[in-house]
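Q: Got a minute to go through this model with me? I'd like to start with the cysteines.

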Amino acid sequence: MVETYEYVYGNTKLSQEEYQKAKKIILDLQKENEKYIEEGYGPFLAAIYDKEGKLIAKMPNTVAKEQCSLNHAEVNTIKQAQEKLKTYDLSSMDLSIYVTAEPCIMCTGAIMWSGIKRVFYGVNSADVEKITGFDEGFKPDWIREFSKRGIEVYGEIEAEAGREVLRKYVSGGREIYKPKGRK
């Protein structure tokens, strides 16, 4: 992994302009995420943008609200983008996904197979698990594997803002969803 800016890590260099853009989007998502949580969603939010900065899709995590374990923010957002753009293969559109937290094992697969070119995330999985108790799954060398496939990854962007949202989620007594019997 290559360190790009203070507290931001990636598998390739990130320009100052892209970093500032990512910071703004991630912070905006964290603020908006708090509103979604109040409505029973969350605690994760994702958005997909094109290379010109146009929002293509944005969706929260709807697992508990819709009672479906597949409805993570990234999966919901990818599905919305594919429906809007009328294709399962987003690779020709040079899209980026921004997520309030590092994608879990399921979402890394969905991102990889969708054709998205860049991933920007806030809170790392270790902190998500420590704060919430969610099981993020086993992701051996996922960032390196994404790099081999031409997918750029940048993480720990405005992570403290995201950790605070997760702490509020937990302290508010929100549902921590995972199969019974998991530690």
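Q: Is Cys68 buried or exposed?
A: Cys68 is partly exposed, at a relative accessible area of 26%. Buried means under 20%, exposed over 50%, partly exposed in between, with a 1.4 Å probe and protein chains only. This is a predicted model: local features need pLDDT of at least 70, side-chain atom pairs count only at pLDDT 80 or more, and totals for chains, interfaces and linings use all residues. Residues are numbered from 1 along each chain as its sequence is written, and side-chain values use heavy atoms, with hydrogens and water left out.

Q: Why is there no bond from Cys68 to Cys107?
A: The closest cysteine sulfur to that of Cys68 is in Cys107, and at 12 Å it is too far for a bond. A disulfide here is a pair of cysteine sulfur atoms within 2.5 Å.

Q: What about Cys104?
A: Cys104 is in no disulfide either. Its nearest cysteine sulfur, in Cys107, is 3.7 Å away. Cys104 is buried, at 7% relative accessible area.

Q: How many disulfides in the whole structure?
A: The search finds 0.

Q: Switching to helices. At what angle do H3 and H4 pack?
A: About 20°, with the axes 9 Å apart. H3 covers residues 73–85 and H4 residues 105–114. So H3 is roughly parallel to H4. Angles under 35 degrees count as roughly parallel, over 145 as roughly antiparallel, 65 to 115 as roughly perpendicular and the rest as oblique. Axes are lines fitted to C-alpha atoms, for helices over the stretch in contact, and angles run from 0 to 180 degrees between N-to-C directions. Helices (H or I, at least four residues) and strands (E, at least two) are DSSP runs, numbered from the N terminus.

Q: Which residues meet there?
A: From H3, Glu74, Val75, Ile78 and Gln82. From H4, Met106, Cys107, Ala110, Ile111 and Ser114. The H3–H4 contact residues divide into 6 nonpolar, 2 polar and 1 charged. Ala, Val, Leu, Ile, Met, Phe, Trp, Tyr, Cys and Pro count as nonpolar, Asp, Glu, Lys and Arg as charged, and the others, Gly among them, as polar.

Q: And how do H5 and H7 pack?
A: H5 (residues 125–132) and H7 (residues 159–171) pack at about 25°, axes 9 Å apart. That makes H5 roughly parallel to H7. Asp127, Val128, Ile131 and Thr132 of H5 touch Arg163, Leu166, Arg167 and Val170 of H7. The split there is 4 nonpolar, 1 polar and 3 charged.

Q: Now strand E6. Where does Phe120 stand, buried or exposed?
A: Phe120 is in E6. Phe120 counts as buried, at 0% relative accessibility. Leaving aside neighbours within four places in sequence, its contacts include Leu14, Ala22, Tyr98 and Ile157. Contact means heavy atoms within 4.5 Å.

Q: How far apart are Phe120 and Ile157?
A: 37 residues in sequence, but 7.4 Å in space, C-alpha to C-alpha.

Q: And Gly122?
A: Gly122 is also in E6, residues 118–123. It is buried too, at 0%. Not counting residues up to four places away, Gly122 touches several residues, including Ile26, Val99 and Ala159.

Q: Backbone oddities. Which peptide bond is cis?
A: Gly42 to Pro43, with omega near 15°. Pro43 lies in the loop between helix H1 (16–38) and strand E3 (45–49).

Q: What is phi at Gln67?
A: Positive, about 55°, although Gln67 is not a glycine. Gln67 lies in the loop between helix H2 (63–66) and H3. Gln67 is exposed, at 65% relative accessible area.
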